[in-house]
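User: Please go through this structure with me, one question at a time. Short answers will do.

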Amino acid sequence: MFGRKAAELVREEYRADADKINTYNEDLVSQVLEETREHYSYIRNIVSRVSEEPSGFAGAAPKDGAAVAIHHESILRNKRCLLAYANTRAEKVRALRWQLGAVLPENVSEKLSAAERDCFKAYDKLLGEYMGTGPDGIGIDLTVDMLPPKDPYIECQVLRDAGAMLLDDKVVHLVPHTRHFIKRAEAEPLIAQGILSHIES
């Protein structure tokens, strides 16, 4: 039945948690695009057949007009569903930049399509320029401290080896199972990447 695959694509994204992103369903998107091409092919065949008749479009049977209208509406419906799917995922991709920082973990990155990864990089670049210290930047990192912090430093435990890093103007060796007091602004991107965990007091 027309439109079922496109509707399933929208339902799949609607059922997903608002703060999580599902794996990009390339197979179902391809099926919807293929169905759309079939609708277009039907329209072309009908128009071609009617235009070759002596009476032309003026003498076309009502069933031909109805068939063209149905296939055309099906194309528009598939288009709306694909755009809704793409837009919902694009919003989630932009939200990932705020939640996880400039580097996506591998388990999240593999859920995105190539176009969505490009979207993430472009949004990251745009946000970086806006928050930067350049001529168009404001010089403030807007991705940290969504709520006012009680303390500028937080205690963190290292989950995986990240080697030596320059944090708070000093070199810190991030060795697994060690604990450090680190500036919240510097710790949050590392927490998002799974290198550190925040030890709640």
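The questions and answers below concern a predicted model.

User: What are the bounds of the domains, and how many Å separate their centres?

Analyst: The domain assignment of the protein gives domain 1 as 4-131 and domain 2 as 153-198. Taken over C-alpha atoms, the separation between the centres of domain 1 and domain 2 is 41 Å.

User: How many bridges join strand S2 to strand S3, and do they run parallel or antiparallel?

Analyst: Strand S2 covers residues 163-167 and strand S3 covers residues 170-174. Within this pairing, Met165 stands opposite Val172 of S3. The number of bridges joining S2 to S3 is 5, and the direction is antiparallel.

User: Which residue in the hairpin of S2 and S3 takes a positive phi?

Analyst: The hairpin has 2 residues between the strands. A positive phi near 55° is found there at Asp168.

User: Which residues form the aromatic pair, and is Tyr85 buried or exposed?

Analyst: The structure holds 1 aromatic pair. Its members are Tyr24 and Tyr85, with 5.9 Å centre to centre and 40° between the planes, a tilted arrangement. The pair links distant parts of the chain, 61 residues apart: Tyr24 is in the loop between helix H1 (4-15) and helix H2 (26-52), and Tyr85 is in helix H3 (residues 62-100). Tyr24 counts as partly exposed at 25% relative accessibility, whereas Tyr85, at 3%, is buried.

User: Why does the 40° between the planes of Tyr24 and Tyr85 count as tilted?

Analyst: Planes under 30 degrees apart would count as stacked, and those over 60 as edge-to-face. The planes of Tyr24 and Tyr85 have 40° between them, so the pair falls in the remaining class, tilted.

User: Which residues meet Glu8 in salt bridges?

Analyst: The structure holds 9 salt bridges. Among them, the side chain of Glu8 meets that of Arg11 at 3.4 Å, N to O. Glu8 and Arg11 are 3 residues apart in helix H1, so about one helical turn separates them. Glu8 also has a salt bridge at 3.7 Å, N to O, which makes the partners Arg11 and Arg15.

User: How accessible are Glu8, Arg11 and Arg15?

Analyst: Glu8 counts as partly exposed, with 29% relative accessibility. Arg11 is also in the partly exposed class, at 38%. Arg15 is exposed, and its relative accessible area is 56%.

User: Where are Asp124 and Arg97, and are they buried or exposed?

Analyst: Asp124 and Arg97 form a salt bridge whose closest N and O atoms are 2.6 Å apart. This pair links distant parts of the chain, 27 residues apart, with Asp124 in helix H5 and Arg97 in helix H3. As for accessibility, both Asp124 and Arg97 are buried.

User: Which residues are linked with Lys92 in a network of salt bridges?

Analyst: This network includes Lys92 and a second basic residue, Arg89. With the acidic members added, the residues linked with Lys92 are Glu13, Arg89 and Glu116.

User: Which residues form the nonpolar patch on the surface, and what is the relative accessible area of Leu142?

Analyst: Tyr130, Ile138, Ile140 and Leu142 form the patch, with about 350 Å² of accessible area together. Leu142 lies in the loop between helix H5 (114-131) and strand S1 (153-158). Leu142 is partly exposed, and its relative accessible area is 32%.

Conventions. Residues are numbered from 1 along each chain as its sequence is written. This is a predicted model: local features need pLDDT of at least 70, side-chain atom pairs count only at pLDDT 80 or more; totals for chains, interfaces and linings use all residues. Side-chain values use heavy atoms; hydrogens and water are left out. Two strands pair if DSSP finds at least two bridges between them. Helices (H or I, at least four residues) and strands (E, at least two) are DSSP runs, numbered from the N terminus. Patches are made of residues with over 30% relative accessible area and no salt bridge: like charges are joined within 9 Å, nonpolar side chains (Val, Leu, Ile, Met, Phe, Trp, Tyr) within 5 Å. Accessible areas come from the Shrake-Rupley method with a 1.4 Å probe; for residues, only the protein chains shown count as cover. A salt bridge is a side-chain nitrogen of Lys or Arg within 4 Å of a carboxyl oxygen of Asp or Glu. Buried means under 20% relative accessible area, exposed over 50%, partly exposed in between (1.4 Å probe, protein chains only). Domain bounds come from an automatic or database domain assignment. Rings of Phe, Tyr and Trp (its six-membered ring) pair if their centres lie within 6.5 Å; planes under 30 degrees apart count as stacked, over 60 as edge-to-face and the rest as tilted.
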